Every structure is written in structure tokens, then in C-alpha cells.
Amino acid sequence: LATGDLNQDGFLDIYAAYQTSFNNPSNTADRLWMNTTNNGNNYIAFDLEGNASNSNGVGARIEIHGDWGIQIREVRAGESYGIQNSLTSYFGIGTSTEVEYAVVHWPSGKVDVVKNPAINQKNTIVEGATCELPVFSIYNGAEAVLCPGASLLVAAPVGFEYLWNTGHVGQEITISEPGNYSVVIVDAQGCAASSEVLSVIVNPDETPIISLQGDDTFCQGASASLTASDAFGYTWSTGETPPS
């Protein structure tokens, strides 16, 4: 089956082809299933026109930001054997009457941001049509590593509107969970840029392990050897600092 909005009403329709096996088409006629839902909800749709990227924007990620948070679609091609879904990306927005921002992350790395795109219709976004700001970083450390229970404060440049991939809209965010974090900044002229993606990881449990070479019971004057698992540094209960 393939999906698309054949009558442009915002509700996706299905075209189904019947086949009894991989190389044996069925005698059953193909069928078109029209979605006749009429619930009064709103939608928004996007067609992409690539320049530096491919002409249909395949591989692009579209985000819409609104009072619900963030929705995301990816433009995909050839999702199953012998079919191609519509390349138009549809979002249902329920009873919301506004999309604050549409953000397109193109395969080329470019980012386009459209403020308040029209709802209940199809919008066309051309790659590079909006002005760009320089790419920036939200973290200057070598590696973003959290100890269990700790947090990390990251910040974007001052003086913009902020569209974090977490749904946050302030200049700074506090990160306490592992994951990939990024933000799009937008200036007063509508120019935009996306930060480099920050990958945050949590340190594994590094409780040391002590191995014993010899017996744990020995006579006066004899000895046994204790060796700790690999670590950056060591402090034994005796005050000694070598690994063994």
C-alpha cells in the first residue's frame, strides 16, 4: 500500500495493491481507500524543493513547533517493495490554530526556518530560501559526560529565539539525561542556524574490583597481593596509591 492525500483535505488516503506472493500478482483489483474523516481538526503540510540537497528533499527532517511541543517528520523514499508514498509531509495539529515555527534540516546541513506557516494547506519550502547564521556550539568541553545523578548546563548565544530539540525555548538548558541535544536560533530578521549536535553520555558504574593473588589467610611474615581494576588513580584504605 501507499499513502498520500489525493483530495487535498488533510486526511491521508491509501492505495492498496493485492498480491498473493512475491512474484504472483493477485486477480483482485487494486483499491483506493479514501479517508472521509471530518472531525474539524487542523493540519499543515509541506513540500520540499532541494538545491544543494536532492530535488525532493529526501532525507530532510521537518519539525513543527507549537503549543503541543514538537512534531517531526522525515522525508523518505521507497519505504517498501514496489511502492512510493507521497513526498508531501503531513502533520495533524488537532484544535491548535497556529504553528509557531517550521524548521527544515536538509541533508546538505542547511537549516531553513519559517515563522507562522499557514495551516490547513500545503506549504512549499525551498532549500536556502531563508537567511542563515553561522553554525555554533553549545558546549566547549572535549566530551559531555555525566556522573550518575549529576547535570550539565549548556547555553546558546544571547539575543535570539531558541528552538531546542527538547521543546525548551530558553537560552540555556540543564541536561541530566543521556541523549543528543541541539538548538536552532532565530534572529529578528528570521535568519537561523542550528548548533552542532551535543551527544551526552552517562558514566558507567565504575565501582572498583579487587583481585587477590595468594591466600587471604597467611602466616606472620608472608604476604598476598591485591590488584585493583583499571582506573585513572588509586587510593587504598592504607593510603597507598599504586594499582597493586
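Two strands count as paired if DSSP finds at least two bridges between them, and the close-up views below, all taken from a predicted model, begin with strands joined in this way.

**View A. Strand β20 and its two pairings with β13 and β17.** Strand β13, which covers residues 144–146, runs parallel to strand β20, residues 198–202, and three bridges join the two. Within this pairing, L146 is found opposite V202 of β20. Strand β17, made up of residues 179–181, also pairs with β20 over three bridges, but here the sense is antiparallel. In that second pairing, N180 has S199 of β20 as its bridge partner.

**View B. An open sheet of three strands, in the order β9-β6-β12.** The pairing within this sheet is mixed, and because β9 (89–94) and β12 (122–126) each have a single partner strand, they stand at the edges, with one side of each left without a neighbour in the sheet. On average, and with direction ignored, neighbouring strands of this sheet are turned by 25° against each other. Between β6 and β12 the pairing is parallel and extends over five bridges, and one of the residues to look for is F46, whose bridge partner in β12 is N123.

**View C. The surroundings of S53, in the loop between β6 (42–49) and β7 (61–66).** With a relative accessible area of 9%, S53 is classed as buried, because this value lies under the 20% cut-off. When residues up to four places away in sequence are not counted, S53 touches W106, P107, S108 and E127.

**View D. A nonpolar patch on the surface, formed by L1, I14, Y18 and W33.** Together these residues have about 400 Å² of accessible area. One of them, W33, lies in strand β5, which spans residues 31–33, and its relative accessibility of 46% places W33 in the partly exposed class.

**View E. Two loop residues with positive phi, Q8 and N120.** Q8 is located in the loop between β1 (2–4) and β2 (13–16), and its phi is near 55°, a positive value in a residue other than glycine. The relative accessible area of Q8 is 44%, so Q8 counts as partly exposed. N120, which is likewise not a glycine, has a positive phi of about 55° and belongs to the loop between β11 (111–115) and β12. For N120 the relative accessibility is 34%, and this residue is therefore partly exposed.

Methods: Residues are numbered from 1 along each chain as its sequence is written. This is a predicted model: local features need pLDDT of at least 70, side-chain atom pairs count only at pLDDT 80 or more; totals for chains, interfaces and linings use all residues. Side-chain values use heavy atoms; hydrogens and water are left out. Patches are made of residues with over 30% relative accessible area and no salt bridge: like charges are joined within 9 Å, nonpolar side chains (Val, Leu, Ile, Met, Phe, Trp, Tyr) within 5 Å. Accessible areas come from the Shrake-Rupley method with a 1.4 Å probe; for residues, only the protein chains shown count as cover. A salt bridge is a side-chain nitrogen of Lys or Arg within 4 Å of a carboxyl oxygen of Asp or Glu. Helices (H or I, at least four residues) and strands (E, at least two) are DSSP runs, numbered from the N terminus. Buried means under 20% relative accessible area, exposed over 50%, partly exposed in between (1.4 Å probe, protein chains only). Contact means heavy atoms within 4.5 Å. Axes are lines fitted to C-alpha atoms, for helices over the stretch in contact, and angles run from 0 to 180 degrees between N-to-C directions.
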